[in-house]
Structures are given as structure tokens and as C-alpha cells.
There are 2 protein chains.
Amino acid sequence: MLTHSEENHLKCIYHLSNKSNGAINTNAIAKSLETKAASVTDMVQKLATKGLASYLKYKGVRLTTKGEKEALKVVRKHRLWEVFLVKELGYNWDQVHDIAEQLEHIKSSTLIDKLDTFLEYPKFDPHGDPIPDANGVIASKPTTTLNILKPGDTCTVICAKDSSSDLLLFLDKVHISLGSKLEVIDYFEFDGSYSVKVDNGSAITLSTKVAENIFIDKL
Amino acid sequence: MLTHSEENHLKCIYHLSNKSNGAINTNAIAKSLETKAASVTDMVQKLATKGLASYLKYKGVRLTTKGEKEALKVVRKHRLWEVFLVKELGYNWDQVHDIAEQLEHIKSSTLIDKLDTFLEYPKFDPHGDPIPDANGVIASKPTTTLNILKPGDTCTVICAKDSSSDLLLFLDKVHISLGSKLEVIDYFEFDGSYSVKVDNGSAITLSTKVAENIFIDKL
DNA sequence: TATTATTTTTAGCTATGTCTAAATTTATTT
DNA sequence: AAATAAATTTAGACATAGCTAAAAATAATA
Ligand SMILES: [Mn+2]
Ligand SMILES: [Mn+2]
Ligand SMILES: [Mn+2]
Ligand SMILES: [Mn+2]
């Protein structure tokens with residue numbers, strides 16, 4: 001049986017492994033979990049002892065097949081609970097992360113599949129991230145971001161790159177949500193910002209940073 | 001912020017205080033939480049330090065007003081999650097206790113009231129126990145049990161005295177659930193057992209112990 | 001390549017929560 | 001009332017999980 005901390009570390013390593021390839025270093029994990037490198041080292045050694053990670057001193061860590069399976073279970077739980085919080089309880093997508101961070105650790109051999117059934121097998125969470133199925137099979141995350149578009153291009157928003165409240169609050173403010181149709185009106189070399197029409201409404205300005213964090217389907 | 005263990009102890013003391021009056025002794029708590037008296041002593045001293053309980057060495061513990069308020073919050077969470085598990089996810093009433101035991105510890109200032117709204121403000125949990133409202137106001141538990149009835153009496157089942165899986169599984173087997181109409185056909189002095197018709201069906205036999213654990217409304 | 005800087009690990013400390021065994025207090029019997 | 005039994009607390013141990021500071025390894029730079 002895994003502890004909350006073990007699960008959090010597995011999930012973190014899983015996510016970091018998807019962003020960059022190769023072994024994951026201690027500092028990156030510590031930063032992501034808001035903890036210290038020394039603490040991560042302890043945990044990573046523990047995971048290795050349990051056969052959930054392979055770890056070489058000073059060389060970083062990667063998940064074993066077994067570890068990835070466990071990580072995917074946590075990701076599945078996290079995302080299904082997020083769907084529940086937004087769709088059933090009426091939370092906004094920027095409010096659910098911290099609660100899901102706790103709910104993902106509830107232990108039960110039946111709960112999450114019953115929740116999945118109740119929610120009618122959603123494929124994506126409120127941030128557009130794919131939900132692993134009961135066997136741990138997960139769709140790959142999209143790769144196209146808004147900043148590849150040129151003036152005149154149109155697209156649909158399908159996912160937010162990270163679930164940080166700051167990004168989501170900003171998108172809410174400019175009325176961009178999953179499924180929004182965007183049309184790039186202009187691009188400004190000076191600061192890399194975009195002028196964009198949201199759902200054929202008025203044009204707004206998006207910074208490079210925002211544009212890099214919105215996954216899209218180009219139309 | 002209370003830890004899981006603190007919350008479990010508060011809830012336990014609250015429940016025991018409702019069964020017997022006067023201070024609650026360490027052993028009773030240890031037995032109920034499946035832990036040891038020495039551990040309970042530590043915890044109870046901690047609760048006293050935090051102003052949640054009043055404690056006199058060797059004399060037992062009782063909750064302060066503040067402690068009871070916290071206990072009621074946990075009870076509210078536990079019972080609302082039980083309603084969710086049974087009504088929405090399709091669990092049986094004998095399967096939800098252990099999961100609710102975990103869910104009751106999820107920290108959020110908004111979650112439980114949203115869940116309450118979602119469930120349309122249920123007044124009782126799946127075992128017939130009253131659910132405290134958002135202000136901590138709770139209906140009193142019924143007091144009439146099946147064993148006060150005489151042959152010829154009829155009643156409605158409103159609550160099971162404890163939520164132990166053993167009792168609930170037995171009641172399931174004989175098709176007794178909340179709302180069932182029971183008619184006492186016979187009482188046997190020899191072993192204190194009852195012959196009872198369930199919902200005007202065939203007669204079954206209930207032991208004294210079972211009869212003492214079913215709360216009823218006499219008709 | 002030698003030196004310096006950065007990253008990572010180890011060592012040692014702290015806090016929580018649990019346990020067993022011994023000591024103490026309270027309750028029950030002779 | 002004294003002796004014995006039972007309940008309760010204390011003392012000391014262990015496991016988990018976090019931290020800081022020092023040591024060691026690796027990476028970057030002169
Ligand atoms: Mn978590
Ligand atoms: Mn998400
Ligand atoms: Mn609990
Ligand atoms: Mn219940």
C-alpha cells in the first residue's frame with residue numbers, strides 16, 4: 001500500500017517524464033512538490049527499494065513499469081475527481097486542483113470505477129487532460145499550441161498546458177474555455193503578443209506566455 | 001488544522017458521549033478506534049491542549065463546545081459522503097463505512113456544502129443516522145428499538161443502531177431495509193427471539209441482539 | 001586541466017503518531 | 001483496611017516524513 005507522499009512523488013515523476021525525456025533530477029521534483037531536494041532523495045530511494053522506480057545516485061530517477069502503472073492510477077483518480085467537482089458540484093476549473101490533490105489518495109478497490117461509471121466515462125478532465133482508463137491506457141496529450149498560428153488562422157481550444165490557477169483565472173477573465181473558437185487577427189513581433197478574436201466576439205491580446213500554454217486544434 | 005487522527009478521536013469521543021453520559025474513558029476510545037490506551041492518552045492530552053477536550057488524568061475525557069463543533073463537522077462529512085456513495089454511486093449500505101472514514105478528512109471550506117446541495121440536503125444517512133446541517137445542528141437519534149414490541153405490534157424501520165457490516169449484511173439477507181414495515185408475530189421467552197413478518201411477506205426469526213439494534217417507529 | 005560553481009546526497013535533527021512494558025492510580029475483593 | 005485486580009499514564013522505542021547544514025559528486029568555466 002502506497003502512502004500519500006509516495007503517490008505524490010510517483011505522479012510528479014510521471015508528469016516530469018512526459019515533459020522531458022531521460023531521467024528526472026531531484027531538484028525538479030522538489031520544485032514541483034514544493035519540498036526540498038534532500039527529502040526527494042529519501043523518497044526516491046524508497047520508491048526504488050519498492051521496485052517502483054530505477055534510481056542511480058546523482059543520475060536521476062525514472063519510473064519502472066510497475067511505478068508508471070501506479071502513477072497512472074493516481075492520475076486517473078485525480079482527473080476523474082476533477083470532473084466530478086466541476087460537472088456535478090459546480091466548481092470552476094481553477095478551483096478543483098487542491099481538492100483533487102487530496103481525493104486522489106482515497107483507498108478503495110471499487111470507488112474510482114464506480115465514479116467513472118457515474119460520470120459516464122469522461123475522456124478528458126476539466127483542463128482538457130486525458131483520463132487513463134481502468135487499464136491505465138491514456139490518450140497522448142496534444143502538442144500544438146496557439147503560438148504556432150499566423151494571422152488569419154483559426155483554431156479550437158482543447159487543453160490548458162498546466163492547471164495552475166493563475167493561467168485558468170486569466171483564461172476565464174478573457175472568456176476562453178475548452179471548445180472556444182479562436183481567430184488570430186494579428187501578431188506583434190515586438191513582444192510576441194497576439195490579437196485574437198474569441199468565439200467571433202471582440203479581439204483581445206494574448207502574451208507569448210499565454211499562447212504557449214494553450215493547446216489547440218488548428219482548423 | 002486538525003489531523004486525521006485528531007478528527008477520528010473527536011468523532012469517537014462524540015459518539016461515545018452520546019451512548020453514555022459522563023466522561024469517556026481511554027479504553028473505550030482505544031477499543032472503538034482499534035488502537036491502544038496509551039496512544040489514546042497521548043491524543044487526548046493533545047486535544048485538551050488545543051482546547052477541544054477537557055481531560056482529567058485517570059478520570060476520562062469530554063469534548064468542549066469547540067471540540068463538539070469540530071466533531072459534528074466530521075460527522076456531517078462522513079454521513080453526506082455515505083449518502084453520495086449509496087445514492088449516486090450505487091454502493092450498498094454495508095459497503096460505505098470504510099470509504100467515508102477516509103472521505104470525511106478531505107479539507108476544503110466549500111466542498112461539503114456543495115456536496116450537500118448536490119445531494120439535495122438529505123436529513124439522514126443510509127443507516128438512518130441524522131446528518132448535522134451546515135451550522136452543526138443535528139436531529140436526535142431515535143430511541144425505540146424493535147425489542148420493546150409485543151406480538152401483534154407493527155412498526156417501520158427507521159435506523160440501524162450501528163453501521164457495522166455484520167449487522168447490515170444480516171438485515172440485507174432477510175430483506176430488511178430502512179422503511180421496511182415489520183409485524184411481530186411471536187416472541188419466544190426461551191431465547192428472546194422474535195418471529196417477524198417483513199413487508200407483509202413470510203415470517204422470519206430475529207434474535208434479541210438483532211432486535212435491540214433496529215430502531216423503529218411504532219405504528 | 002585546474003578551479004570554481006552547482007547539484008545531489010548524507011548525516012543528524014525534529015515532529016507526529018503509534019507501540020510495548022513499566023509505573024502509577026483507582027477500583028474491587030477479601 | 002489491606003491486598004489484589006484493573007485501568008490508566010508514563011517512559012522509551014520505532015517508523016514516517018520532513019528539514020538544515022555539511023560532504024561529496026558532477027558540471028561549468030577560466
Ligand atoms: Mn496528492
Ligand atoms: Mn486537471
Ligand atoms: Mn476517519
Ligand atoms: Mn452511517
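Here is a short conversation about a predicted model, its DNA strand C and its manganese ion.

Student: How many residues surround DNA strand C?

Tutor: Let's begin with the closest ones: Thr41(A), Tyr55(A) and Lys57(A), together with Ser39(B) and Lys46(B). By class, the surface near the strand has six nonpolar, nine polar and four charged residues. The number of residues surrounding DNA strand C is 19.

Student: Which helices each supply at least two residues of the surface near DNA strand C?

Tutor: Look at both chains here. Chain A brings two helices, H2 (26-33) and H3 (37-49). Chain B adds one, so named by its residue range 37-49: helix H3.

Student: What share of the atoms of DNA strand C within 4 Å of the protein do sugar and phosphate account for?

Tutor: Some phosphate contacts help to picture this. A polar side-chain atom of Asn27(A) lies 2.9 Å from a phosphate oxygen, and a polar backbone atom of Tyr58(A) is 3.2 Å from one. In the side chain of Thr35(B), an N or O atom is 2.7 Å from a phosphate oxygen. The share for sugar and phosphate is 80%.

Student: Which residues coordinate the manganese ion (ligand 1)?

Tutor: The donors follow the spacing N-x92-E-x2-E-H along the chain. They sit at 2.0 to 2.4 Å, and Glu101(A) gives both O and OE. The residues are Asn8(A), Glu101(A), Glu104(A) and His105(A).

Student: Is Glu104(A) buried or exposed?

Tutor: Buried means under 20% relative accessible area. Glu101(A), at 22%, is therefore partly exposed. Glu104(A) has a value of 0%, so Glu104(A) is buried.

Notes. Residues numbered from 1 in each chain as written. Chains lettered and ligands numbered in written order. Predicted model: local features only at pLDDT ≥ 70, side-chain atom pairs only at ≥ 80, totals over all residues. Heavy atoms only, no water. Near = heavy atom within 4 Å. Polar contact = N/O pair within 3.5 Å; in protein donor to acceptor, adjacent residues only side chain to side chain. Helix = DSSP H or I, 4+ residues; strand = E, 2+ residues; numbered from the N terminus. Nonpolar A, V, L, I, M, F, W, Y, C, P; charged D, E, K, R; others polar. Donors = N, O, S within 2.8 Å, 3.2 Å for Na, K, Ca; no water. Buried < 20%, exposed > 50% of the residue type's maximum accessible area, 1.4 Å probe, protein only.
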